[in-house]
Amino acid sequence: MPTRMHLAFDFSYGHMGGRWRSPMALGGMTYPDIGIYEEVARLAERGCLDMLFSGDGTGVPDTWRGERDTAVEWGINWPRQDLNPIMVALSRVTRHIGFGLTYSSTFIHPYYVARLMNSLDHLTGGRIALNVVTSTRRSDFANFGMDALMDHGARYDRMEEFIAVCNALWDSAEPDAMLWDRATGRVTDPAKIHDVHHEGRFFKVDGPLNTPPSPQGRPVLIQAGGSARGIRASAQFVDHAFGADMPLPLQVKQRALFDAELAACGRDPGSVGILWQTPIVVAETMAEAVARKESLLGMIPPEAVGAYLSYNCGYDFSTLPRRFTIGELHREIIAAQASPVGFVHELGLQLGMETEVTREEFLEHGIRFATAYETTVAGTAESLADHLEEAFEATGSRGGFMLGHTVSLLQDLTGIVTLLVPELQRRGRFRRAYSGRTLRENLREG
């Protein structure tokens with residue numbers, strides 16, 4: 001019997017970057033109408049998807065030219081809302097599907113996040129996942145009172161300690177600690193509540209957590225580090241890693257690096273999957289799918305591309321010289337403590353680090369990245385199922401895919417549920433019904 005893959009759906013960008021303009025987008029509703037996301041949740045659960053997911057950011061993009069007007073005018077990573085109340089609302093119209101929330105370990109305290117995730121896990125009946133990120137965006141830092149970007153390695157040091165504290169807090173109440181004994185009036189067995197007494201480089205926490213133990217024991221943990229340091233950090237604690245939408249040979253390489261780090265941590269590589277981000281457009285005909293993909297290139301004007309790239313890379317590309325090599329730019333980005341992976345790194349791998357380009361050529365490549373055109377896979381259910389099967393097997397048949405970055409949020413999710421999922425089910429690659437009670441249980445299926 002073939003190994004089954006897991007499927008999550010990322011709706012982070014459905015209302016941004018011009019996608020709200022596409023035909024049938026958002027079901028005719030306007031962000032942030034909760035009805036949009038209720039329909040997304042019902043559709044995704046109808047398709048038996050594992051999880052709805054959203055990335056997040058707390059700043060307004062202002063890296064390009066040191067101003068935010070371009071991003072605000074054209075909807076570049078703007079606007080956003082805190083997703084935790086939205087996910088709670090969606091849990092009330094569903095019964096099985098999980099919910100992945102993103103929080104940064106760089107400027108939020110672990111006690112707050114551990115308590116929040118535990119509470120959300122109770123509200124959703126054990127369906128919460130925490131996607132922990134380190135943050136590279138200066139506007140986010142400024143909103144939390146920080147003057148400078150923390151060193152790349154230090155951000156991951158802090159993340160590791162952050163998760164260690166969260167895990168200790170989630171373990172501070174044993175699973176059977178709650179008594180609720182009506183006859184005696186006893187609420188809790190005190191012997192099953194434990195202090196944390198953590199004092200580290202970044203955090204000092206006494207504990208215990210003042211909440212009942214989580215329905216899942218602890219929320220599912222996800223992390224998306226793609227650098228060597230990020231992979232090493234995620235190997236220590238993730239239940240599933242989140243992999244970028246890069247060419248298959250690079251995904252195979254990252255899977256091998258991740259497996260080596262898992263083994264070095266004493267963990268079984270076969271027990272930890274990677275959910276590969278996969279922008280997708282599925283239609284009944286190849287021509288229709290390709291036409292929808294092509295429409296991505298007209299979603300945002302050229303001036304918005306620089307705003308997107310600068311914000312996501314943490315580097316102001318408006319300062320580029322007339323001509324430069326990709327390697328020179330990549331080294332400057334690393335020196336500025338921005339992310340060593342991302343668009344410039346991928347462009348260097350594609351064209352060669354010593355390739356010289358002009359500003360205009362750089363931004364022409366950039367629009368394909370900013371709109372996810374370059375990595376969007378368009379096709380029929382059969383061709384897309386072939387693509388997913390190939391990638392799944394090449395990367396070890398562990399984990400699955402984070403579908404999303406669709407051209408038209410509800411239209412393309414409908415195609416996934418009504419066309420792609422039945423094809424994967426026919427091939428024995430995806431569940432026909434949920435078997436678990438919690439998100440963690442459903443993600444253990446294989």
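## Exercises: finding your way around the fold

Let's start with one residue: Val 305, neighbours within four places in sequence aside, is in contact (heavy atoms within 4.5 Å) with Ile 300, Leu 363, Gly 366, Ile 367 and Ala 370. This is a predicted model, with local features needing pLDDT of at least 70 and side-chain atom pairs pLDDT 80 or more, while totals for chains, interfaces and linings use all residues. Residues are numbered from 1 along each chain as its sequence is written, and side-chain values use heavy atoms, leaving out hydrogens and water.

**Exercise 1.** Work out where Val 305 sits, and whether it is buried or exposed.

*Solution.*
- Step one: find helix H10, residues 302-313, which holds Val 305. Helices are DSSP runs of H or I with at least four residues, strands are runs of E with at least two, and both are numbered from the N terminus.
- Step two: check the accessibility. Val 305 has 2%, so it counts as buried (under 20% relative accessible area; exposed is over 50%, partly exposed in between, with a 1.4 Å probe and protein chains only).
- Step three: look across to Asn 210. It is 95 residues from Val 305 in sequence, and their C-alpha atoms are 46 Å apart.

**Exercise 2.** Do the same for Asn 118: which helix holds it, and which residues does it touch?

*Solution.*
- Step one: go to helix H4 (residues 110-123), where you'll find Asn 118.
- Step two: at 2% relative accessibility, Asn 118 counts as buried.
- Step three: beyond four places in sequence, the contacts of Asn 118 are Trp 170, Leu 209, Thr 211, Pro 212, Pro 213 and Ser 214.
- Step four: try a pair that doesn't meet. Asn 118 and Leu 257 have C-alpha atoms 31 Å apart, with their positions 139 residues apart in sequence.

**Exercise 3.** Find Leu 275 and say how far it lies from Phe 392 in sequence and in space.

*Solution.*
- Step one: Leu 275 belongs to strand S9 and, at 2% relative accessibility, counts as buried.
- Step two: Leu 275 and Phe 392 are 117 residues apart in sequence, but 9.7 Å apart from C-alpha to C-alpha.
- Step three: list some contacts. Outside its neighbours within four places, Leu 275 touches residues including His 6, Met 51, His 240, Phe 242 and Phe 401.

**Exercise 4.** Follow Phe 392 into helix H14 and ask what the buried residues there pack against.

*Solution.*
- Step one: H14 covers residues 381-394, 14 in number, and reaches 20 Å from first to last C-alpha, close to the 20 Å expected at 1.5 Å a residue (1.5 Å times one less than the number of residues).
- Step two: Phe 392 is one of the buried residues in H14, along with Ala 381, Leu 384, Ala 385, Leu 388, Glu 389 and Ala 391.
- Step three: these pack against helix H8 (248-264), strands S9 (273-282), S12 (377-379) and S13 (399-404), and helix H15.
- Step four: just past H14, spot Gly 396, with a positive phi near 95°.

**Exercise 5.** Zoom out: how many helices and strands does the protein have?

*Solution.*
- Step one: there are 16 helices and 13 strands.
- Step two: the radius of gyration (over C-alpha atoms) is 22 Å, close to the 22 Å from the globule rule for 446 residues, so the protein is as compact as a globular protein of that length. That rule is 2.2 Å times the number of residues to the power 0.38.
- Step three: buried residues make up 56% of the 446.
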